[in-house]
Amino acid sequence: MLGRGVLSTLYTLTQQRTNTLTMYLDIDQNKPSNRRRGYVVQAEAMLKNLKSRQKRSERLDTACKQALMIVRTMKPSGKSALVVVHPETELRELVQVELVFPPAVHWRRGAFLRPVVEAMDEHERYGVVLTDNQRARLFTSVMGELTEHEDLFSETSQRTRSLGADQMRAQKRHDQRHREEMASHAKRVMDALHDLSLRQPFDRLIVGGTPKAAAQLVRLLPTRMRGKLVDTVSVRVGGSQKEILNKILAVQERMEREREKEIVAGVLAELHDRGKAVAGFAPVLDAVNQGRVWTLIYGKGYSAKGGECGSCDAYSPNPTGPCVYCGEDVHPLPHCVDRISQTVLEMGGRVEVVDGDAKKKLTKPGGIAALLRY
Ligand SMILES: [Zn+2]
């Protein structure tokens with residue numbers, strides 16, 4: 001399972017002066033080409049291609065060998081595999097993910113994590129609780145994966161209707177008991193949700209199931225938890241994992257697009273003389289160099305050619321030429337946006353990759369922008 005913890009560890013471990021090998025591999029076993037270890041052939045071809053593009057190096061040879069060993073001994077279970085190898089530090093990491101990443105291999109300083117950062121940005125951790133009159137199931141969902149944590153049943157009676165006038169009192173008692181049982185079931189679910197939030201903290205909450213039971217649970221949510229509630233969905237409590245995951249992914253997708261629109265609107269509103277935002281490649285780089293970026297925002301797939309000063313390490317909007325800060329030579333910087341993102345993350349900032357409407361709105365000011373700390 002890939003989480004922010006894994007990402008941050010990988011990032012830290014690979015901040016070495018020497019190169020790290022990062023490989024994204026398509027291992028989806030639903031594809032015939034990947035069966036019978038077709039993904040191993042794919043890995044071999046990618047590594048061969050990488051070596052042909054690089055200067056001969058023993059370190060690279062070693063890293064490729066180690067990466068292949070990982071791939072050969074892996075039991076494929078997800079859609080993609082992320083392999084990170086740094087020969088000297090014995091870092092050999094394999095993460096299988098239920099998300100599709102474009103197959104790629106990188107040999108550079110620091111693991112190439114931008115695809116993961118982008119994916120993680122789209123998939124915050126969700127808590128999900130589905131409840132009806134007597135059953136409740138609790139899940140967490142992150143990066144397109146759904147994990148079930150609890151399936152609880154309460155002893156509740158069925159709500160029945162009787163007609164005769166002489167049965168009115170019995171019916172009333174029955175209704176009263178049913179309400180009490182429902183309330184105590186909702187409380188049990190609430191307790192389980194509290195436990196879950198301690199064991200597996202989540203950023204957002206989705207409540208679903210039958211409308212009445214879901215509404216009752218929502219009323220019980222404490223303020224902090226209610227702040228995380230993003231939607232209620234109707235889905236059968238007994239539904240299959242796939243059924244439930246599809247509902248959740250739809251909510252997440254919509255939420256993410258809404259959030260992106262708000263972020264971009266926030267940036268655009270600050271793009272004035274005394275505003276706390278800048279837009280366009282060069283102004284953003286300048287802000288990154290000064291350590292002023294609070295949130296870096298760019299459209300999915302954004303790319304630009306930039307450079308890095310060989311003397312003062314500042315980023316430059318031109319791949320070559322004199323550095324604007326110190327006048328020394330600038331060298332082209334491959335994966336420029338990725339490196340900038342990593343720098344922003346390293347300085348405690350955030351990186352938001354936007355798509356859809358938000359991306360369109362960002363096109364005019366240059367496709368990239370930054371909210372500033374000051
Ligand atoms: Zn410089």
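What distance separates the centres of domain 2 and domain 3, taken over C-alpha atoms? In this predicted model, the two centres lie 44 Å apart. The division of the protein places domain 1 at residues 4–112, domain 2 at 126–255 and domain 3 at 270–372.

A good place to look next is the largest nonpolar core, which holds 28 residues. Within this core, V284, V288, L296, I297, A369 and A370 touch the most other members. Two or more residues each come from the helices and strands α8 (241–269), β10 (277–279), α9 (281–289), β11 (293–299), α10 (336–346), β16 (350–354), α11 (356–363) and β17 (368–372). The greatest contribution is that of α9, with five residues. In soluble globular proteins, nonpolar side chains tend to be buried together.

The surroundings of L296 can be followed residue by residue. Leaving aside residues up to four places away in sequence, L296 touches I340, S341, V344, G349, V351 and A370. Another core, apart from the largest one, comprises 26 residues, including L10, M23, C64 and V116.

Turning to strand pairing, four strands form an open sheet in the order β13-β12-β15-β14, and their pairing is antiparallel. The edges are taken by β13 (315–316) and β14 (321–322); each has a single partner strand, so one side of each is left without a neighbour in the sheet. The partner of β14 is easy to trace: β14 pairs with β15 (residues 329–333) in the antiparallel sense over two bridges. Here G321 has V330 of β15 as its bridge partner.

How values were computed: Residues numbered from 1 in each chain as written. Predicted model: local features only at pLDDT ≥ 70, side-chain atom pairs only at ≥ 80, totals over all residues. Core = buried A, V, L, I, M, F, W, Y, C linked by C-beta atoms within 7 Å. Buried ≥ 20, exposed ≤ 12 C-beta atoms within 10 Å, placed from the backbone. Contact = placed C-beta atoms within 7 Å. Domains from an automatic or database assignment. Pairing = 2+ DSSP bridges.
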